[in-house]
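Biologist: I'd love a close look at the core of this model, including whatever packs around it. Could you take me through it slowly, with the terms explained as you go?

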Amino acid sequence: MTNFFLIIGVGMCVLVLACLYRVTRGPDVLNRAVGLSAIGTKTLIILLLMGVIYDRVEMFIDISMVYALLNFIGTLVLAKYLERTGEV
Amino acid sequence: MLIKDVASILFMLAGFFFFTTATLGLLRLPDFYARLHATGKGDTLAVLLSLIGLAIYNGFSLISIKIVFIAVFMFLAQPTATHAISRAAYRGGVPPWVNEPEGNTVEQGGEK
């Protein structure tokens, strides 16, 4: 079962690298923001998988919860800032 | 192998499939709104399926309750973030992608 979670985690890391293409080569700043949001969502699952693999879920679950909150607030603040300044 | 592990594996595989679909849409679709549509809905469903799989694997404990809390929060937060960033793009004047110039269809209609 640990091997299965390890394989899923490695596949998720490959997907994060694929999303990094959109972050670096995005035509404007909004595409980069969408790529960052997608990367944050995948990182949340990767953190939980690390907790399951290392058998310390009770520590990693709190980190994952804080990461979800920070990802949401960061995307919201970035959207508000871009809407206010109008430099899209 | 327990039936709990089988259910967990099925949910995790479904979540990974939707993660892959959302990433392909983010990379391949032609427009900002289309990419947002792919990643906004696909990632939400994938997170929900993956968290359900992990909660089934951990059994009924405080960890599972926290995982369900994260799932509920993501189900509220992800569409909100998608809506906010889409509204920023729309008010900033990003033009939507159109498939075909309109002169072509008008010309075909005129020939008939």
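Modeller: Sure, and let's begin with what I mean by a helix: helices here are DSSP runs of H or I with at least four residues, strands are runs of E with at least two, and both are numbered from the N terminus. B:Phe16, for instance, lies in helix α1 of chain B. Before we go further, this is a predicted model, in which local features need pLDDT of at least 70 and side-chain atom pairs count only at pLDDT 80 or more, while totals for chains, interfaces and linings use all residues. Residues are numbered from 1 along each chain as its sequence is written, with chains lettered from A and ligands numbered from 1 in the order in which they are written.

Let's stay with B:Phe16 for a moment. A residue counts as buried if 20 or more other C-beta atoms (placed from the backbone) lie within 10 Å of its own, exposed if 12 or fewer do, and partly exposed in between. B:Phe16 has 20 other C-beta atoms within 10 Å, which means that it is buried. Two residues are in contact if their C-beta atoms, again placed from the backbone, lie within 7 Å. Ignoring residues up to four places away in sequence, B:Phe16 touches A:Ile8 and A:Gly11. Its C-alpha atom is also 8.6 Å from that of B:Leu49, although 33 residues separate the two along the chain.

Now for the core you asked about. A nonpolar core is a set of buried Ala, Val, Leu, Ile, Met, Phe, Trp, Tyr and Cys residues joined through C-beta atoms within 7 Å. The largest one here holds 51 residues, and the members that touch the most others are A:Leu48 and B:Ile85. Two or more residues come from each of α1 (2–25), α2 (29–54) and α3 (57–85) in chain A, and from each of α1 (3–28), α2 (32–58) and α3 (62–92) in chain B. The biggest giver is α2(B), with 12 residues. As background, nonpolar side chains in soluble globular proteins tend to be buried together.

Who does A:Leu48 meet? Setting aside neighbours within four places in sequence, A:Leu48 is in contact with A:Phe60, A:Ile61, A:Ser64 and B:Leu54. Some of those partners sit in α3(A), where the buried residues include A:Phe60, A:Ile61 and A:Ser64. The cover over the buried residues of α3(A) includes α2 of chain A together with α2 and α3 of chain B.

As for α2(B), 20 of its 27 residues are buried, which leaves this helix mostly covered. The expected span of a helix is 1.5 Å times one less than its number of residues. For α2(B) that gives 39 Å, and its end C-alpha atoms are 38 Å apart, which agrees. Right after α2(B) comes B:Gly59, with a positive phi near 75 degrees.

How do the helices line up? Axes are lines fitted to C-alpha atoms, for helices over the stretch in contact, with angles from 0 to 180 degrees between N-to-C directions. Angles under 35 degrees count as roughly parallel, over 145 as roughly antiparallel, 65 to 115 as roughly perpendicular and the rest as oblique. The axes of α2(B) and α3(B) come within 9 Å and cross at roughly 175 degrees, so α2(B) and α3(B) are roughly antiparallel.

Across the chains, the axes of α2(A) and α3(B) come within 11 Å and also cross at roughly 175 degrees, so α2(A) and α3(B) are roughly antiparallel too. Here A:Leu30, A:Ala33, A:Val34 and A:Ser37 meet B:Ala81, B:Ile85 and B:Ala89. Ala, Val, Leu, Ile, Met, Phe, Trp, Tyr, Cys and Pro count as nonpolar, Asp, Glu, Lys and Arg as charged, and the others, Gly among them, as polar. That splits the residues of the α2(A) and α3(B) contact into 6 nonpolar, 1 polar and no charged.

Zooming out, 37 residues of chain B are in contact with 37 of chain A. On chain B's side, α3(B) has the largest share, 15 residues. That side of chain B has 24 nonpolar, 7 polar and 6 charged residues.
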